[in-house]
Amino acid sequence: MGVTTEFSRLERLDTIGGEDRAVTIAADAEERAALARRFDLVAVERLEGAFAVRRDPSGVLVHGTVRAAVVQACSVTGDPLSATIDEPIALRFVAPGAGGDDEIELGSDSIDTVELEGGGVDLGEVAAETMALALDPFPRSPRAEVVLREAGVLSEEEAGPFGALAGLKARLAAPKD
């Protein structure tokens with residue numbers, strides 16, 4: 001049984017030739033809701049990909065851009081935070097065992113190499129994973145610092161090596177009775 005993804009747009013290997021072919025994809029409402037659950041997001045409002053797909057001697061090249069609009073929950077307060085993604089991608093899909101862990105240098109660009117699974121390249125999964133990797137793993141709302149302070153959590157400056165000295169300096173500078 002193969003793995004099914006929430007947003008599958010399979011480009012079959014037998015349809016990919018040596019010339020760039022433009023492929024655009026967009027997740028529908030049901031797919032976006034499933035992706036929001038998978039990536040623990042409040043919502044995925046938009047997820048689109050625009051790709052150029054072609055075969056070369058080493059595998060299948062995919063270049064393009066993933067664009068998304070999502071709503072994340074603040075990691076402190078849970079407040080909804082909107083985020084947009086506009087992420088360029090460059091991937092090379094290779095046959096299993098054909099050096100799937102290497103990065104191949106193309107001029108100044110390096111391309112991540114991914115092993116092919118099944119009979120094609122799932123551009124929907126490429127878009128979903130690209131979106132997830134581009135998100136802030138610890139989104140903070142404007143209220144986060146206030147909430148943390150009220151909970152007694154120190155800021156990085158206060159918790160640093162000089163934070164303790166600041167309190168000592170204030171006490172030493174206080175007028176003596």
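Below is a friendly set of questions and answers about this predicted model.

User: How many helices and strands does the protein chain have, and in what order do the elements run?

Analyst: Happy to start there. The chain holds five helices and eight strands. Read from the N terminus, the order is β-β-α-β-β-β-β-β-β-α-α-α-α.

User: What share of the residues counts as buried, and what share of the exposed area comes from carbon and sulfur atoms?

Analyst: The protein chain has 177 residues, and 33% of them count as buried. Its exposed area is about 11100 Å². The part of that area supplied by carbon and sulfur atoms is 54%.

User: Among contacts with a separation of 6 or more, what percentage joins residues 24 or more positions apart?

Analyst: This one looks at contacts in the protein chain with a separation of 6 or more. Within that set, the pairs that lie 24 or more positions apart make up 57%.

User: Which residues of the largest nonpolar core touch the most other members?

Analyst: That core has 30 residues. Elements that each give two or more residues to it are strand S2 (21–26), helix H1 (29–38), strand S3 (43–56), strand S4 (59–73), strand S5 (80–94) and helix H2 (123–134). The members touching the most others are Leu47, Phe51 and Val62.

User: Which residues of helix H2 (123–134) does phenylalanine 51 contact, leaving aside its neighbours within four places in sequence?

Analyst: Phenylalanine 51 has contacts in several places along the chain, including Arg21, Val62 and Ile89. Helix H2 spans 123–134. Going by that range, the contacts of phenylalanine 51 in helix H2 are Leu123, Val126 and Ala127.

User: Is S4 mostly covered or mostly uncovered, and how many of its residues are buried?

Analyst: S4 has 15 residues, and the strand is mostly covered. To count as buried, a residue needs a relative accessible area under 20%. The number of S4 residues that are buried is eleven.

User: How do S3 and S4 pair, and which residue is the bridge partner of alanine 50?

Analyst: S3 and S4 run antiparallel, with 13 bridges between them. A hairpin of two residues connects this pair. On the S4 side, the bridge partner of alanine 50 is threonine 65.

User: How many bridges join S4 to S5, and which residue in the turn between them has a positive phi?

Analyst: S4 and S5 are antiparallel and share 14 bridges; one bridge partner pair is valine 62 with leucine 91 in S5. Their hairpin has six residues between the strands. The turn residue with a positive phi, about 85°, is glycine 78.

User: Why does the salt bridge between glutamate 6 and arginine 38 tie together separate parts of the chain?

Analyst: The two side chains meet with N to O at 2.8 Å. Glutamate 6 sits in the segment before strand S1 (10–12) and arginine 38 belongs to helix H1, so the bridge ties parts whose separation in sequence is 32 residues.

User: Is glutamate 125 buried or exposed, and how far apart are its closest N and O atoms in the salt bridge with arginine 38?

Analyst: Glutamate 125 is buried, with a relative accessible area of 12%, whereas arginine 38 is partly exposed at 33%. Opposite charges on side chains can pair when the charged atoms come close. In the bridge between glutamate 125 and arginine 38, the closest N and O atoms are 2.6 Å apart.

User: Which residues are linked with Arg38 in a network of salt bridges?

Analyst: The structure holds eleven salt bridges. Another of them joins arginine 46 to glutamate 48, with the closest N and O atoms 3.5 Å apart. The residues networked with Arg38 are Glu6 and Glu125.

User: Where does glycine 18 lie, and which residues does glycine 18 touch, not counting those up to four places away in sequence?

Analyst: Glycine 18 lies in the loop between S1 and S2, and counts as exposed at 53% relative accessibility. Its C-alpha atom is separated by 9.1 Å from that of proline 57, which is 39 residues apart from glycine 18 along the chain. The residues that glycine 18 touches are Arg54 and Arg55.

Definitions and conventions. Residues numbered from 1 in each chain as written. Predicted model: local features only at pLDDT ≥ 70, side-chain atom pairs only at ≥ 80, totals over all residues. Heavy atoms only, no water. Buried < 20%, exposed > 50% of the residue type's maximum accessible area, 1.4 Å probe, protein only. Contact = heavy atoms within 4.5 Å. Areas by Shrake-Rupley, 256 points an atom, 1.4 Å probe, with all protein chains shown as cover. Core = buried A, V, L, I, M, F, W, Y, C linked by side-chain atoms within 4.5 Å. Salt bridge = Lys/Arg side-chain N within 4 Å of Asp/Glu carboxyl O. Pairing = 2+ DSSP bridges.
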